[in-house]
There are 2 protein chains.
Amino acid sequence: MDLQGLSVSTSPDINDIEEGLSFKPKFDASGLVTCVATDAATGDVLMVAHMNDEALRKTIMSGEGWYFSRSRQALWRKGETSGHVQRVVEMRLDCDQDAIWIRVEQTGAACHTGRRSCFYRKVEGGEGGAKLSFVDADRVVDPKTVYGK
Amino acid sequence: MDLQGLSVSTSPDINDIEEGLSFKPKFDASGLVTCVATDAATGDVLMVAHMNDEALRKTIMSGEGWYFSRSRQALWRKGETSGHVQRVVEMRLDCDQDAIWIRVEQTGAACHTGRRSCFYRKVEGGEGGAKLSFVDADRVVDPKTVYGK
């Protein structure tokens, strides 16, 4: 395929990253890639988080979601405390290999607030700026019982 | 709700960010939030990109996807060159307000390679490390005709 003239770089390396079948994840300056987890059944986005090299490898090898917590600077198996594990049905990566999408079977709640998804508020424009409203915001678990009081 | 004892910070500010209805997007050190765009019809993740304050506001007010290109350091209306615009059906934001999810009606291809989605390769573990394979990788448009030769 002739990519000459595209606004993106057309070096052989870029072509290999975009069109090749070698797994060469592009970690950012902090050593992380962005990972989007969606519900395999509904397509809803459950959470957006980060993986370092180790989290990515553990996710691939174990078939369960592992992440890297930027606030705690620690590897983190999703559900380790709560039991709300993620079984990975499929993992994909994007054209420039800096973002991961996993479709998962989520036990319980993906969100630490007890909601199924972290995306429980809608954003809408209006007079005086954007406003939020709750949507799908019912808690499926009580965070107090999950994380202890 | 009593969040005392959660492993996350339970300051009033955090509670306001997670449980409030004020839109207070948390931009990173580069002034960006992560945005996931999914196909409103299928739930497939089309792309993961970034928005700065202006891109976010323009998306909310226009109902079309705007982003900020980190490589070009420029605001970017999705489809400006290609015509492959994104009509936003719904925008949500996550618990800590640092990630955006938009469900969109995507014209043509979301990916600059001409595929419907940027996530056209699957990652699987195996002997000797992870391997990629193409999935949903047919081009819906020829990037040469879209971006010029």
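The following exchange between a student and a tutor works through a predicted model with chains A and B.

Student: How many helices and strands does chain A have, and what pattern do they follow along the sequence?

Tutor: In this predicted model, the secondary structure of chain A comes to three helices and eight strands, and its C-alpha atoms fill a box of roughly 55 × 45 × 30 Å along the principal axes. Read along the sequence, these elements give the pattern α-β-β-α-β-β-β-β-β-β-α.

Student: What is the strand order of the open sheet that contains strand 2 of chain A, and which strands stand at its edges?

Tutor: This open sheet has six strands with mixed pairing, in the order 2(A)-1(A)-6(A)-5(A)-7(B)-8(B). The strands at the edges have a single partner strand each, so one side of each is left without a neighbour in the sheet. Neighbouring strands are turned by 30° against each other on average, direction ignored. The edge strands are strand 2 (45-51) of chain A and strand 8 (131-134) of chain B.

Student: Where does this sheet pass from chain A to chain B, and which residue is the bridge partner of Arg92(A) there?

Tutor: Within chain A, strand 5 pairs with strand 6 in the antiparallel sense over seven bridges, with Gln86(A) having Gln106(A) as its bridge partner. The passage to chain B comes where strand 5 (residues 86-93) of chain A pairs with strand 7 (residues 121-124) of chain B, antiparallel and over three bridges. In that strand of chain B, the partner of Arg92(A) is Lys122(B).

Student: In the open sheet with the order 8(A)-7(A)-5(B)-6(B)-1(B)-2(B), which strands are left with one side lacking a neighbour, and why?

Tutor: This sheet also has mixed pairing, and its twist averages 30° from one strand to the next. A strand at the edge has a single partner strand, so one of its sides is left without a neighbour, and this applies to strand 8 (131-134) of chain A and strand 2 (45-51) of chain B.

Student: Do strands 1 and 6 of chain B run parallel or antiparallel, and which residue stands opposite Thr38(B)?

Tutor: Six bridges join strand 1 (residues 33-39) of chain B to strand 6 (residues 99-106) of chain B, and the two run parallel. In strand 6 of chain B, the residue opposite Thr38(B) is Arg103(B).

Student: How much area do chain B and chain A bury between them, and which three residues supply 13% of the area on chain B?

Tutor: The contact involves 59 residues of chain B and 59 residues of chain A. Together the chains bury about 5,100 Å², with 62% of it on carbon and sulfur atoms. On the side of chain B, the three residues that supply 13% of the buried area, more than any other three, are Arg92(B), Phe119(B) and Arg121(B).

Student: How many salt bridges are there between chain B and chain A?

Tutor: One salt bridge joins the side chains of Asp136(B) and Arg92(A), at 3.1 Å from N to O. The side of chain B that touches chain A has 29 nonpolar, 12 polar and 18 charged residues. Between the two chains, the count of salt bridges is eight.

Student: How many residues apart in sequence are the parts that Arg116(A) and Asp39(A) tie together?

Tutor: Arg116(A) and Asp39(A) form a salt bridge whose closest N and O atoms are 2.7 Å apart. Because Arg116(A) lies in the loop between strand 6 (99-106) and strand 7 (121-124) of chain A, and Asp39(A) in strand 1 (residues 33-39) of chain A, the pair ties together parts whose separation in sequence is 77 residues.

Key
Residues are numbered from 1 along each chain as its sequence is written. Chains are lettered from A and ligands numbered from 1 in the order in which they are written. This is a predicted model: local features need pLDDT of at least 70, side-chain atom pairs count only at pLDDT 80 or more; totals for chains, interfaces and linings use all residues. Side-chain values use heavy atoms; hydrogens and water are left out. Two strands pair if DSSP finds at least two bridges between them. Helices (H or I, at least four residues) and strands (E, at least two) are DSSP runs, numbered from the N terminus. Axes are lines fitted to C-alpha atoms, for helices over the stretch in contact, and angles run from 0 to 180 degrees between N-to-C directions. Contact means heavy atoms within 4.5 Å. Buried area is the accessible area (1.4 Å probe) that two parts lose on being put together, summed over both. A salt bridge is a side-chain nitrogen of Lys or Arg within 4 Å of a carboxyl oxygen of Asp or Glu. Ala, Val, Leu, Ile, Met, Phe, Trp, Tyr, Cys and Pro count as nonpolar, Asp, Glu, Lys and Arg as charged, and the others, Gly among them, as polar.
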